[in-house]
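Let's learn to read a protein structure together, one feature at a time.

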Amino acid sequence: MARTLGNKPGFHHLLTRFTISRRPLQTLAYEELQHSADPEPYRATAFVLHGLLGSARNWRSFSRALLSNLSNPSGWRLVLVDLRNHGRSAEIEGLNPPHDLVNAAQDLAHLVKSQGWPWPDVVLGHSMGGKVALQFAESCARGHYGGSAKLPKQLWVLDSVPGEVIRENSDGEVEKVLQTLQSLPSSIPSRKWLVDHMIELGFSKSLSEWIGTNLKKQGDHETWAFNLDGAVQMFKSYQEKSYWHLLERPPKDMEIDVVRAENSDRWDPDVIQRLESLANREGDGSEGKFSVHVLPKSGHWVHVDNPKGLLEIVAPRISSL
């Protein structure tokens, strides 16, 4: 995948800036991605939010490809965020509990304010990050971030069920992973040991290897790159929160786009039907817009399973802004 994305026109003119050292202690870690060939400053910003146990780096390749596929890449800046308890944000003091979606979204508002940035034009979130994006829009619309806050023009929710996640309708794989990780010692002998152990417990090789990417070296052993207890609390909030009301009445001048992966196991038939009914409803112009897209040949990991197809859905819509 990396070779394919690397051959895109203009790809080599992208600049990733790691800015962890320049933010106040209580704000999130992030990476900035801009088109470096053009000296003009950016005019629009998109935030990219990862899912549970992920990090900003999971979305680097896709974000670079997205930027190079926009009609005016030099006018855009992408901010890849490490959510609280994840990636480099797991090391930051001051991101206090409760570790829920409300505070995860508020962290984004604090980041904007602390950096003196304009409010993001687009927020794109995968899985749990999709619900953080919905919470961010809801809090914005309700004035929780102050009078200066502006709603995103577009909100992308990538393979994230917008309502409550009912455990009876789930295979419980995420819960099993979290329970397994909680049962392990905080110091892991090696990445190979972890992957082999997960496979022995019945998890797939691909999932086990992905879990292994979340380790970081500490002396002669490995430890987690995320705050596991905090991540568990965030997942509980993800299960409990529902944003159907936001999809039913999107704030005026905002577009909400849900992307459902064709082969994803996260979707119940009644949820799919409800989404399609909302998307087919005719509005009177007093509210925002809501759309549903189906990403073919993809499971839950949309940016890995079919990045080209995801680009074809997302890039033209963002370029239209």
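Q: How much area does the protein chain expose, and what share do carbon and sulfur atoms supply?

A: This is a predicted model, where local features need pLDDT of at least 70, side-chain atom pairs count only at pLDDT 80 or more, and totals for chains, interfaces and linings use all residues. Residues are numbered from 1 along each chain as its sequence is written, and side-chain values use heavy atoms, leaving out hydrogens and water. The protein chain exposes about 14,800 Å², and carbon and sulfur atoms supply 48% of that area (Shrake-Rupley method, 1.4 Å probe).

Q: What percentage of the residues in the protein chain is buried?

A: Buried means under 20% relative accessible area. Here 54% of the 321 residues are buried.

Q: Is Gln-135 buried or exposed?

A: Gln-135 sits in helix H4 (residues 128-141). Its relative accessible area is 3%, so Gln-135 is buried.

Q: How do we describe two packed helices?

A: We give the angle between their axes and the distance between the axes. In this model, the axes of H5 (residues 173-183) and H8 (residues 228-240) come within 11 Å and cross at roughly 160°. H5 and H8 are therefore roughly antiparallel (angles over 145 degrees).

Q: Which residues make the contact between H5 and H8?

A: Contact means heavy atoms within 4.5 Å. H5 brings Val-174, Glu-175, Leu-178, Leu-181 and Gln-182, while H8 offers Leu-228, Asp-229, Val-232, Phe-235 and Gln-239.

Definitions and conventions: Axes are lines fitted to C-alpha atoms, for helices over the stretch in contact, and angles run from 0 to 180 degrees between N-to-C directions. Helices (H or I, at least four residues) and strands (E, at least two) are DSSP runs, numbered from the N terminus. Angles under 35 degrees count as roughly parallel, over 145 as roughly antiparallel, 65 to 115 as roughly perpendicular and the rest as oblique. Buried means under 20% relative accessible area, exposed over 50%, partly exposed in between (1.4 Å probe, protein chains only).
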